[in-house]
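Q: Hi! I have a new model open and would like to talk through how it packs. Could you walk me through it?

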Amino acid sequence: MTDPKPAAVAPRPEGQGAGPAPLSPLAWRAVLGCIIAAAMTVLDLAMTSTVLGSIQESMDEPLAKGALVISAYATAELITLSLSAFLTRVFPARTYLVLLVCLFVGGALLSACAWSFESLLVARVVQGAASGAIMPFAYYAIVVLLPGDKHPKAISTFSILVTGSYVLAPVLCITLGEWAGWRALYCVAAPVGALGLWLALPGLRQMRTEASPLGRRVNAVGAGAAVVGLGCTQYALDTGQERGWFSSAVVTLTVGAAIVAAVLFVVTELRSRHPLVDLRLLRLRPFLAGCVFNVVGGVAVYSSYVLIPVYLTTLGFSAADIATVSLYGGTVQLAIALGLPLFLRRIDTYLVSCTGALLFATAALLPFLAGSSPPYVLIVVALMCRSVGSGLLLAALGLMATRALSASRAASGSLLFNMARSLGGSVGAAGCAAFLTIRQAYHAHAAGLPAADGAGRSVRSLALHDVFAVAFAILLLLALSLVAGYALRRLRERRAAPLATDLTTDG
């Protein structure tokens, strides 16, 4: 495993390999600005999830269509992610961040002015396209601008600001959203994006990084295969349930195209001298483990963006009620996040992430056990567990990945790690909506109700009960996998210790 190398902010003579340059005061400011830009995307997604019911009601759309607002965002995010490492090598860091933030803010303002549900989906695609590059750029900035011993503090700061977004989102929904409507919430991106740029640009202007071994060229076949494969995958997930999955020729062909594109992407990337992303990074065992676990984490987080609004709306909660309950969970998560630097320094990342997965699993177990009429306190406790669990899980996985990367590999590593989360999130959002629809139809048929009654509150409650059961099983399996990963690593360390001692003695 290669330790992260400190990267200077001030220019260095080309080819100079002697020790790292002193850490500039602008480095932390630039990292903070990039993190705020990433937190802007989380704030937007959290607010959208909270007011999803209000959006659908104002546009006269069925509740089941809410997944499209999330999955359209995730689709564009995935496609941009596939190109982000190459774009990072091509554009200067300062120009790149300005373009991304302006694109995201422009998409947000377009969402605020949406005149139909379809126009809102287009605006969400624009936002997702920018978000798909902003998040990995923030991880990239941490690895490049800061030395390795500063990464835990930076990841903790990242987690605190992201958690603060989860707290701020319901507050804005209760105040600004109730006063001016859900459209006003999308205008918040403008001042937040401006703050991120103001902080980041001075440090990024002088940012110098180690030259990437991949260069500025890219394999066009690999890039095309990535875009086509990810687009086809998301299209199949979004439309599969409506078209009857593989009984539809369109879905079957789309899935086939996605598989062919995926194989073509892997083959061309491994053979090309100028790949889109360095897939050989997956040979680093800690980084590979972080990416695999991040897929499941993405499934859990994005599924909750769809599941929680549907669940609380089924119980009769208004948008303000949903925001209030979410505020409790976000506040507790923020309090826990303040202690993350201590946790990540003293406790193994596998154990921290395992604790997060178990708390997340508890959040799914409590509604499952409570049935169709859960007490208000139990709902609050469940959302607190969900908030704290997701915060611990994602922060620990992020540190697990960044520790395995050198500065020259930061762009590719950030892409792969964030693509894992977004791919899992895309599958999770679409899969959650599809499974919920399937179980609603099943329970409606079992009760002898017409298909039109499949969205009734009692039927949907039974379907949600099934979804929570599956979510609990997946998260429990994730926690057990993290424990197994920790045990295997400790076993390898114990086996390596006697060998190291013998080598020292012989020397």
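A: Happy to! One term before we start: a crossing is left-handed if the near helix is turned anticlockwise from the far one by less than a right angle, and right-handed if clockwise. Keep in mind that this is a predicted model.

Q: Good, so which way does H14 pass H15, left-handed or right-handed?
A: H14 passes H15 in a left-handed crossing.

Q: And what are the angle and the axis distance for H14 and H15?
A: H14 packs against helix H15, residues 376-402, at about 155°, and the two axes are 7 Å apart. With that angle, H14 is roughly antiparallel to H15.

Q: How do the residues of that H14 and H15 contact divide into nonpolar, polar and charged?
A: There are 20 nonpolar residues, seven polar and one charged in the contact of H14 with H15.

Q: Let's stay with H14 a moment. At what angle do H11 and H14 pack?
A: Helix H11 (residues 285-314) and helix H14 (residues 349-370) pack at about 25°, with their axes 12 Å apart. That makes H11 roughly parallel to H14. The crossing of H11 and H14 is left-handed.

Q: Which residues make the contact there?
A: From H11 you have Ala289, Phe293, Ala300, Val301, Ser304 and Tyr311, and from H14 Tyr350, Phe360 and Pro367. By class, the contact of H11 with H14 holds eight nonpolar residues, one polar and no charged ones.

Q: Zooming out for a second, how many helices and strands does the protein have?
A: The protein comes to 17 helices and zero strands.

Q: What share of the residues is buried?
A: Of the 507 residues in the protein, 53% are buried. As for the surface, the accessible area is about 21,200 Å², and carbon and sulfur atoms account for 67% of that.

Q: What about contacts along the chain, how much comes from residues 24 or more positions apart?
A: Among contacts with a separation of 6 or more, 84% are between residues 24 or more positions apart.

Q: Back to pairs. How do H5 and H6 cross?
A: The axes of helix H5 (residues 117-145) and H6 come within 10 Å and cross at roughly 155°. An angle over 145 degrees counts as roughly antiparallel, and H5 and H6 are therefore roughly antiparallel to each other. Their crossing is right-handed.

Q: Who is in that contact?
A: On the H5 side, Met135, Ala138, Tyr139, Ile142 and Val143; on the H6 side, His151, Ala154, Ile155 and Phe158. The contact of H5 with H6 has eight nonpolar residues, one polar and no charged.

Q: Is histidine 151 buried or exposed?
A: Histidine 151, which lies in helix H6, counts as buried at 1% relative accessibility. The C-alpha atoms of histidine 151 and glycine 398 are separated by 10.0 Å, although the two are 247 residues apart along the chain.

Q: Where does serine 156 lie, then?
A: Serine 156 is in helix H6, residues 151-180, and is buried with a relative accessible area of 1%. Not counting residues up to four places away in sequence, serine 156 touches Leu340, Pro341 and Leu344. Serine 156 and leucine 399 are 243 residues apart in sequence and 8.9 Å apart in space, C-alpha to C-alpha.

Q: Now some charged side chains. What does aspartate 44 contact?
A: Leaving aside its neighbours within four places in sequence, aspartate 44 is in contact with Tyr73, Phe104, Arg124, Gln127 and Tyr186. Aspartate 44 lies in helix H1, residues 25-50, and is buried, with a relative accessible area of 3%.

Q: Which helix holds arginine 421?
A: Arginine 421 is in helix H16, residues 410-446. Arginine 421 is buried because a relative accessible area of 12% is under 20%, the limit for buried. Apart from neighbours within four places in sequence, arginine 421 contacts Glu77, Met135, Asn294, Gly298 and Tyr302.

Q: Last one: what surrounds methionine 40?
A: Methionine 40, found in helix H1, is buried at 2% relative accessible area. Beyond its neighbours within four places in sequence, methionine 40 is in contact with Val101, Phe104, Val105, Ile134, Ala189, Val192 and Gly193. The C-alpha atoms of methionine 40 and methionine 135, 95 residues apart along the chain, are separated by 9.9 Å.

Terms used:
Residues numbered from 1 in each chain as written. Predicted model: local features only at pLDDT ≥ 70, side-chain atom pairs only at ≥ 80, totals over all residues. Heavy atoms only, no water. Axes fitted to C-alpha atoms, helices over the stretch in contact; angles between N-to-C directions. Helix = DSSP H or I, 4+ residues; strand = E, 2+ residues; numbered from the N terminus. Parallel < 35°, antiparallel > 145°, perpendicular 65-115°, else oblique. Contact = heavy atoms within 4.5 Å. Nonpolar A, V, L, I, M, F, W, Y, C, P; charged D, E, K, R; others polar. Buried < 20%, exposed > 50% of the residue type's maximum accessible area, 1.4 Å probe, protein only. Areas by Shrake-Rupley, 256 points an atom, 1.4 Å probe, with all protein chains shown as cover.
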